[in-house]
Amino acid sequence: MRLREVLGVLSKSSPYAVKTERELALANSLDAVKNYLYVATDIEADFHNHLKSLSFGDKKIIFLCGSSGDGKSEILTRYSKQYQHKAHFHLDATHSFSPKETAIERLDQVFADYESNSLALVVGINTGMLGNYSEEGANDKIKQAIKGFLQKCPLNNEFVFLDFEQYPKFKLESHRYSSKFTEQLLKRITAQDDNIIRQYFDKERALAEADGVLCQNYELLSIPSVQRIVVESLFKARLMKDQFLTARALLDFVYHLFSGDNYLSENLFTCSESEIVAKIADFDPALLRTKLIDQFVLSHKLNIEDPEFEEFKQALKAKGFDFRKLRSPESIIRLFYLLQYEDIGNNYHHRFKADFNDSLLDKYDLYQQQWTLH
């Protein structure tokens, strides 16, 4: 397999994008890749703890709820076989299993079966379907429990609601913000040791017809400072553009960074097909209007030679960059931005670092510190 095919398991169009019980029986050479890439989350740990605490005969319903693409099916299928002696698992409450039956009617039957046997019940369900059942369902006790959860009222011990919305993708800490899932994913993909993805990267790079841009993007995203810039860009899209982020959307975004038509610096800010990139594009460093950036853009368009920049270009070429893919000054500015914390050649790109400082994030960090003190 080639590196592009291996990384394709991240794509939302991949058959691996949604986990099903049926898939467990279909061994595939990409299974090892997906298993390696799997990142456990805090909500999964809490979910697992609830399952471990169940005793045979416990009458309890555990709802794992969120939005499409959050990763409910992935978590549920990982534990359904292990705990089937303690609980019945209803993996997807958004659909029924019969054209003559609605999803609400199927849930009515699932809840009726739960009340008539001795097993606990685990339900994977979209938040929207929770609201629908609270209005249209037949089981009054469960309808009231769901309404209580949606209205943030206290619940009795029979009902547990684990909601992905209660586990934010970004965490604000003292003097920094983090995205545990994204950071762990990027580190796992690019780890130097015991990394099945890097093995395919090494094979790809050794080929005579190697995918040069894909290999270059893999090397770029292996740099910790570049990973930090990617996380920062996602944070800005979430904070300032209210971009909704699910696990599936984040995986597809990372796939786009690798596999887009150009270098990662371009893929991060230019893509008409990615909703996340469309929001990040508003923070494109090429849109900044500063004296130094404007002078660079103008000089480049007028073909005015800059010996220091030419020297820097040679250092980039030695690292494998093809300047035929960086024809515009805007593309070069984006690359300067991506590599702003790295030492390369004569470090020509460092002169733009002050222009790239994001005062909005600095102000937000200050406000957050003040709010924490209060």
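Is Tyr218 buried, partly exposed or exposed, and at what relative accessibility?

1. Tyr218 counts as buried, because its relative accessibility is 0%. This note concerns a predicted model, and the values below should be read as computed from that model.

2. Helix α10, which spans residues 212-221, is mostly covered, with eight of its ten residues buried. Those buried residues are Val213, Leu214, Cys215, Gln216, Asn217, Tyr218, Leu220 and Leu221, so that Tyr218 belongs to a buried stretch of aliphatic, polar and aromatic side chains.

3. Turning to the aromatic rings, the count comes to 22 aromatic pairs. One of them joins Tyr218 and Phe258, whose ring centres lie 5.9 Å apart with the planes at 25°, and the pair is therefore stacked, since planes under 30 degrees apart count as such. Because Tyr218 lies in helix α10 and Phe258 in helix α12 (residues 247-259), this pair ties together parts that are 40 residues apart in sequence. Phe258, like its partner, counts as buried, at 1% relative accessibility, against 0% for Tyr218.

4. A second stacked pair is formed by Phe336 and Phe352, at 5.0 Å centre to centre and with 20° between the planes. Phe336 lies in helix α17 (residues 329-338), whereas Phe352 lies in the loop between α17 and α18 (353-356), so the pair ties together parts that are 16 residues apart in sequence. Both rings are buried, Phe336 at 2% relative accessibility and Phe352 at 1%.

5. Phe336 and Phe352 also belong to one aromatic cluster, whose other members are Phe296, Phe309, Phe312 and Tyr348.

6. Two charged side chains can be described together with the rings they cover. Arg78 lies over the face of Tyr38, at 3.4 Å from the ring centre, while Lys313 lies over the face of Phe323, at 5.1 Å from the ring centre.

7. On the cysteines, a reader planning to look for cross-links may ask how many disulfides the model contains. The count comes to zero disulfides, the cut-off being a pair of cysteine sulfur atoms within 2.5 Å. The cysteines nevertheless differ in their surroundings: Cys65 is buried, with a relative accessible area of 0%, and Cys215 in α10 is buried as well, whereas Cys153 counts as partly exposed because its relative accessibility is 35%, which falls between the limits of 20% and 50%.

Terms used: Residues are numbered from 1 along each chain as its sequence is written. This is a predicted model: local features need pLDDT of at least 70, side-chain atom pairs count only at pLDDT 80 or more; totals for chains, interfaces and linings use all residues. Side-chain values use heavy atoms; hydrogens and water are left out. Buried means under 20% relative accessible area, exposed over 50%, partly exposed in between (1.4 Å probe, protein chains only). Helices (H or I, at least four residues) and strands (E, at least two) are DSSP runs, numbered from the N terminus. Rings of Phe, Tyr and Trp (its six-membered ring) pair if their centres lie within 6.5 Å; planes under 30 degrees apart count as stacked, over 60 as edge-to-face and the rest as tilted. A charge sits over a ring if NZ of Lys or CZ of Arg is within 6 Å of the ring centre and within 35 degrees of the ring normal.
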